[in-house]
Amino acid sequence: MISISKLLCGSENFGDILRYSPSSGKQIHGAAAGHGPVVVWNMTRSCNLRCIHCYASAGSERHPGELSTGEARKFIDGLAEFKVPVLLFSGGEPLMRPDFFELAEYAAGRNIRPTVSTNGTLVTLEVARRLKEIGVGYVGISLDGTGEGNDRFRGKKGAFEAALGGIRHCLEVGQRVGLRFTINRHNYHQLADIFDLIEKEKIPRVCFYHLVYSGRGREMVDEDITHAQSRAALDLIMEKTVYFHRRGMPVEILTVDNHADGVYIYLKLLREDPARAEQVYRLLKQNGGNRTGIAIAAVDWEGYVHPDQFTMHHTFGNVRKKSFGEIWTDLSQPILAGLKNRRPLLKGRCARCRWLDLCNGNFRSRAEAVYNDFWAPDPACYLTDEEIGAA
């Protein structure tokens with residue numbers, strides 16, 4: 001996750017302490033010194049929508065093997081013992097699980113910041129109030145276009161208006177909320193519309209996700225945007241970030257799942273603002289690039305631990321049998337150990353790239369989906385051979 005707002009404008013936001021602390025890029029097991037990783041918990045596989053890019057391949061039925069409420073509490077206790085700073089409740093659709101509020105409140109009581117990733121269609125005004133009351137730190141609501149564009153992507157007519165209503169309800173009660181947008185060929189042309197929506201609705205945060213080929217999204221490899229479109233998308237995101245900042249609009253803008261973005265920004269600033277480029281380089285070095293298996297972890301509905309929420313076909317253990325901390329520090333697992341020290345394992349362009357300290361090999365799940373090799377180069381890296389020093 002790259003804070004475009006911080007890199008370009010020097011803004012300060014809550015997550016920056018996890019992403020840009022002086023030791024964050026050097027951690028073996030956690031997001032920052034003395035902490036475990038941020039954990040994404042796909043607490044249910046059930047969902048009321050059917051998004052074409054769903055990495056969890058969610059469906060309408062509840063999975064019979066989901067952790068029980070008691071097992072979930074024990075799992076959260078293990079996270080607290082391992083000093084996990086943030087637990088992201090995800091799915092499927094987390095609000096479809098009957099004990100969601102009980103478990104989110106329990107996490108908050110164990111000094112873990114609960115956050116929620118939701119499609120937003122179930123966030124009524126009462127739900128928004130309840131989220132605020134129990135101490136949910138942030139609600140990320142997914143929109144993948146505007147109007148019918150979003151509805152086609154989400155597989156349900158009316159999904160856009162319902163999700164927008166969820167954002168409005170959160171804003172009304174003072175619950176911190178933001179928008180999540182996964183860029184692909186179906187919605188690339190609506191990026192400008194999304195920024196218009198942010199300005200009109202006064203949405204204070206937006207995360208632009210690069211497509212990851214996982215779950216149902218694995219079938220969308222040929223529907224990702226081109227490298228040229230990735231560069232153009234980031235140019236627009238940078239332009240709008242500066243625009244909001246100069247207008248005094250406190251919008252936090254981030255990109256997710258492609259650390260080529262950070263290098264692209266640095267190289268562009270190196271030509272236009274060398275002093276700012278130096279500061280950006282320092283921040284990217286502190287961040288350390290992709291930290292799947294280091295500062296990010298995922299646990300699924302059955303309690304299995306994975307490198308991240310997009311890499312569920314690699315499993316390290318189950319929290320029903322061992323605590324999360326025991327599993328996360330077991331370096332006898334080749335993939336987990338490799339992610340914590342991946343530089344000698346990377347192949348192709350990634351192995352030759354001069355920006356490894358800033359990117360850390362980018363996203364392994366995409367490489368495996370395209371090349372059937374976990375350590376192959378990330379096909380979504382849009383930097384040229386000249387830019388990475390491999391020409």
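Three cavities of 30 Å³ or more were found in a search of the whole structure. The model is a predicted one. The largest cavity holds about 790 Å³ of space. Its lining comprises 38 residues. Those nearest the centre of the largest cavity are Met-1, Arg-19, Val-38, Tyr-209 and Ile-296.

Seven elements are listed as giving at least two residues each to this lining: helix H2 (16-19) and strands S2 (38-42), S3 (86-90), S4 (113-118), S5 (138-142), S7 (205-210) and S8 (252-256). S4 supplies the largest share, four residues. The lining of the largest cavity is mixed in class, with 18 nonpolar, 11 polar and nine charged residues.

Strand S8, one of the lining elements, is mostly covered. Five of its five residues are buried. In a regular strand, side chains alternate between the two faces of the sheet. Both faces of S8 are covered. Glu-252, Leu-254 and Val-256 are buried on one side, and Ile-253 and Thr-255 are buried on the other.

S8 pairs with two strands of opposite sense. With strand S1 (residues 2-3), the pairing is antiparallel and runs over two bridges. Here Ser-3 has Leu-254 of S8 as its bridge partner. With S7, the pairing is parallel and spans five bridges. Tyr-209 is bridged to Val-256 of S8. Tyr-209 is also among the residues nearest the centre of the largest cavity.

The largest nonpolar core contains 95 residues. Trp-41, Phe-208 and Phe-324 touch the most other members. Helix H10 (residues 260-272) contributes the most to this core, with seven residues. In soluble globular proteins, nonpolar side chains tend to be buried together.

The surroundings of Trp-41 were examined beyond its neighbours within four places in sequence. Its contacts there include the nonpolar residues Leu-67, Ala-72, Phe-75, Leu-87, Leu-88, Phe-89, Leu-103 and Val-299. Ser-90, Arg-97 and Asp-300 are also in contact with Trp-41.

The second largest pocket encloses about 220 Å³ of space. Thirteen residues line this pocket, and Leu-8, Met-238, Val-242, Leu-269 and Glu-272 lie nearest its centre. Helix H1 (4-9), helix H9 (227-246) and H10 each give two or more residues to the lining. H9 gives the most, with six. By class, the lining of the second largest pocket has five nonpolar, one polar and seven charged residues. H10 thus appears in two settings: the pocket lining and the largest nonpolar core.

How values were computed:
Residues numbered from 1 in each chain as written. Predicted model: local features only at pLDDT ≥ 70, side-chain atom pairs only at ≥ 80, totals over all residues. Heavy atoms only, no water. 1 Å grid on protein atoms, 1.4 Å probe; cavity = no way out; pocket = protein on both sides within 12 Å on 5 of 7 lines; lining within 4 Å. Points joined across faces, edges and corners; volume = space filled by probe spheres on them. Core = buried A, V, L, I, M, F, W, Y, C linked by side-chain atoms within 4.5 Å. Buried < 20%, exposed > 50% of the residue type's maximum accessible area, 1.4 Å probe, protein only. Contact = heavy atoms within 4.5 Å. Pairing = 2+ DSSP bridges.
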